[in-house]
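Trainee: Can we go through this one together? I'd like to know what stands behind the labels.

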2 protein chains.
Amino acid sequence: MAFSERVSRLKSSLIREILAAAQRPEVMSFAGGLPAEAMLPKVEWADMPVSMGQYGMSEGEPALREALAVQARALGIHCEANQVLVVSGSQQTLDLAAKLYIDKGTEILLEAPTYLAALQIFQLFGADCITVPLQADGPDLAQLRTRLQKHRPAFIYLIPTFQNPSAVRYSEAKRDAVAALLDEFGVTLIEDEPYRELTFDGGSATPIVSRLKKSSWIYTGTVSKTLLPGLRVGYLIASPDLFPHLLRLKQSADLHTNRIGQWQALQWIGTEQYQRHLSELRDFYRVRRDAFQVALETHFSDLAHWNVPQGGLFFWLTLKQPLDTRTLLNAALANDVAFMPGEPFFPEPENHPGHIRLNFSHIDPTRLDEGLKRLAAVVRQAQAAEAA
Amino acid sequence: MAFSERVSRLKSSLIREILAAAQRPEVMSFAGGLPAEAMLPKVEWADMPVSMGQYGMSEGEPALREALAVQARALGIHCEANQVLVVSGSQQTLDLAAKLYIDKGTEILLEAPTYLAALQIFQLFGADCITVPLQADGPDLAQLRTRLQKHRPAFIYLIPTFQNPSAVRYSEAKRDAVAALLDEFGVTLIEDEPYRELTFDGGSATPIVSRLKKSSWIYTGTVSKTLLPGLRVGYLIASPDLFPHLLRLKQSADLHTNRIGQWQALQWIGTEQYQRHLSELRDFYRVRRDAFQVALETHFSDLAHWNVPQGGLFFWLTLKQPLDTRTLLNAALANDVAFMPGEPFFPEPENHPGHIRLNFSHIDPTRLDEGLKRLAAVVRQAQAAEAA
């Protein structure tokens with residue numbers, strides 16, 4: 001059996017295994033990134049034209065591209081509808097970007113930590129992953145400059161607004177500084193913003209791509225966190241030099257994104273109804289975030305430190321006494337608790353022990369306290385065993 | 001700007017350009033492979049559960065996988081539901097297969113001609129495309145054996161039932177012989193069957209994968225030709241040794257296929273309603289095929305020869321006086337006629353001049369005769385010019 005060379009890098013997905021284990025109804029899961037079931041809006045299909053059943057354009061539905069361009073321009077992104085490519089969830093943007101840029105050994109620049117599924121697909125294509133550490137307000141700028149001086153990355157991949165997993169939101173100053181550095185070194189930016197609308201304090205610094213003067217860029221978003229993930233409708237917006245290549249790669253990947261999901265997304269984007277839904281969503285998640293913070297303080301204040309997330313879906317804990325948190329998984333699952341170890345969010349997991357990602361949006365509030373109590377007990381037990 | 005090495009093989013898609021030109025309403029298009037708009041069934045959405053809006057499993061909806069396995073077993077394919085992977089249109093199967101098998105220079109074996117979009121993605125990943133010529137009842141077996149003796153292809157890709165573009169359907173004897181050869185040489189089979197249900201004479205030889213005794217295999221199908229292409233719901237079924245790899249590649253490509261389309265597909269597959277729809281579809285396309293054959297005989301009997309397709313969506317013409325049919329495109333479009341030149345369906349287009357692919361399913365019957373008359377005139381003019 002002769003597979004491609006890249007298949008040797010096709011890892012078993014830890015998160016898949018955890019999520020599979022977390023399917024058991026008795027498990028209290030902090031592991032996934034699922035929107036709360038209660039906040040999935042009721043949608044109408046009765047008015048969808050029959051023609052949405054026919055093949056469509058690889059670019060996406062013209063009206064949806066137009067609506068997405070209007071929305072992006074309101075964020076300060078200089079773009080026209082012909083720079084918008086509708087994709088099958090923003091995960092597909094990462095697949096297209098990997099195809100566009102990555103050969104075996106291609107250097108790329110990532111935040112540490114970074115989005116797990118991005119790391120997986122970039123590594124599958126053979127990327128050599130250089131990282132820049134994240135601070136509370138964005139990347140360490142001195143280290144970013146050093147990396148850019150020393151390396152020639154094909155692109156930098158950033159999630160500047162409520163990052164998964166760290167919940168970090170870049171400050172205005174760091175956004176400006178990052179844009180200036182990328183322009184200075186001529187590095188392409190891929191900016192991933194699934195969580196922008198899930199802000200709890202109303203803060204909304206404009207995207208970094210809108211601050212670039214010279215560099216090429218890809219901006220990607222999705223309706224998965226704010227409307228319905230099951231539609232699998234995301235989008236990318238690219239600088240004109242990149243768009244034609246991405247379009248051809250999209251066509252060869254799956255011809256086009258499903259049109260029924262595109263039609264549904266179009267019923268929402270740019271409407272007052274959507275604004276109302278987003279507002280309800282923010283209120284709902286803010287309440288869950290606050291309750292989670294209270295429960296965390298009760299059970300974890302002696303074990304870990306963390307920043308209170310101002311948006312997104314996750315708390316990112318740093319254990320005061322680091323250990324490889326992957327070793328906690330079996331004990332946690334045995335106690336009917338699931339969580340995401342932090343190590344896999346780094347290209348070199350073994351160098352970054354002691355982080356835990358906890359999703360606060362999905363857990364039943366009545367089970368929150370018990371779940372965190374059990375998880376804290378698992379951590380305590382492991383630390384005691386290590387000390388012994 | 002440093003793109004990946006593969007981007008140098010990312011060709012502009014001739015078919016995209018033709019289809020774009022064919023958008024003008026005055027153009028009589030034989031170019032695409034669109035199902036007839038009139039035969040898109042009216043579908044109901046009112047009963048879809050809200051939960052279909054949530055994230056789903058990378059494997060696909062359990063009930064749909066079960067229904068697809070039942071359908072496949074009825075065709076003689078030995079499989080369980082856990083070998084079924086729902087994909088975002090069967091084009092995605094080709095993307096996953098390319099990732100699984102193809103490095104730069106990897107030898108693969110294809111029919112000549114073969115499906116254009118398969119060729120594009122296999123070549124994008126760097127495949128070295130070996131071909132075996134098609135005869136009216138399937139591949140030339142002597143040449144297939146020679147290729148298998150001389151090469152070690154990572155897989156063979158076949159479309160044995162109403163192939164796009166040639167409309168060839170393999171005979172029972174050739175299916176058996178191909179299966180035996182693949183087992184003998186231990187070559188993996190990728191069998192693509194989008195057109196199986198569009199049979200006009202009821203003939204239904206079982207898939208080649210069902211005849212294999214040892215080789216690994218991937219079978220792929222879709223609801224795009226029989227239900228609604230806009231759903232973007234296809235599937236693959238794989239031998240157990242390949243499935244886990246394909247599943248991980250699917251996850252990294254787009255997490256999972258849209259669930260609303262999966263739910264809709266499940267409302268049809270295996271039902272009597274679907275059988276009635278398929279029967280109406282066959283009748284409708286058979287009538288179109290017959291009318292097309294009459295018009296072809298009127299205008300092309302002195303220019304080309306062809307076999308009457310017993311299924312699928314295409315006539316495949318071989319000009320008696322070969323010329324590069326790509327050179328006819330501009331003249332045809334100037335006369336408001338669009339068609340697909342045959343050359344791009346071969347890995348070495350310049351070695352295979354003189355074929356034309358004509359779609360018979362989409363053209364308005366009232367414009368059919370005028371369209372073929374104009375196209376014949378374009379061919380005649382070019383041949384006269386060449387002779388002069």
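Trainee: Which residue stands opposite Val86(B) in β9(B)?

Mentor: Tyr235(B) does. Keep in mind that this is a predicted model, where local features need pLDDT of at least 70, side-chain atom pairs count only at pLDDT 80 or more, and totals for chains, interfaces and linings use all residues. Residues are numbered from 1 along each chain as its sequence is written, while chains are lettered from A and ligands numbered from 1 in the order in which they are written.

Trainee: Why are β2(B) and β9(B) called paired?

Mentor: Two strands pair if DSSP finds at least two bridges between them. β2(B), residues 84-87, and β9(B), residues 234-238, have 4 bridges, so they pair, in the antiparallel sense. A strand here is a DSSP run of E, at least two residues, numbered from the N terminus.

Trainee: What joins β8(B) to β9(B)?

Mentor: 5 bridges, and the strands run antiparallel. β8(B) spans residues 217-222, and its Ile218(B) stands opposite Ala238(B).

Trainee: What makes a residue of β9(B) buried?

Mentor: Having 20 or more other C-beta atoms within 10 Å of its own; 12 or fewer is exposed, in between is partly exposed, and C-beta atoms are placed from the backbone. In β9(B), 5 of its 5 residues are buried: Gly234(B), Leu236(B) and Ala238(B) point one way, Tyr235(B) and Ile237(B) the other.

Trainee: And which residues cover the two faces of β2(B)?

Mentor: Val84(B) and Val86(B) lie on one side, Leu85(B) and Val87(B) on the other, and all are buried.
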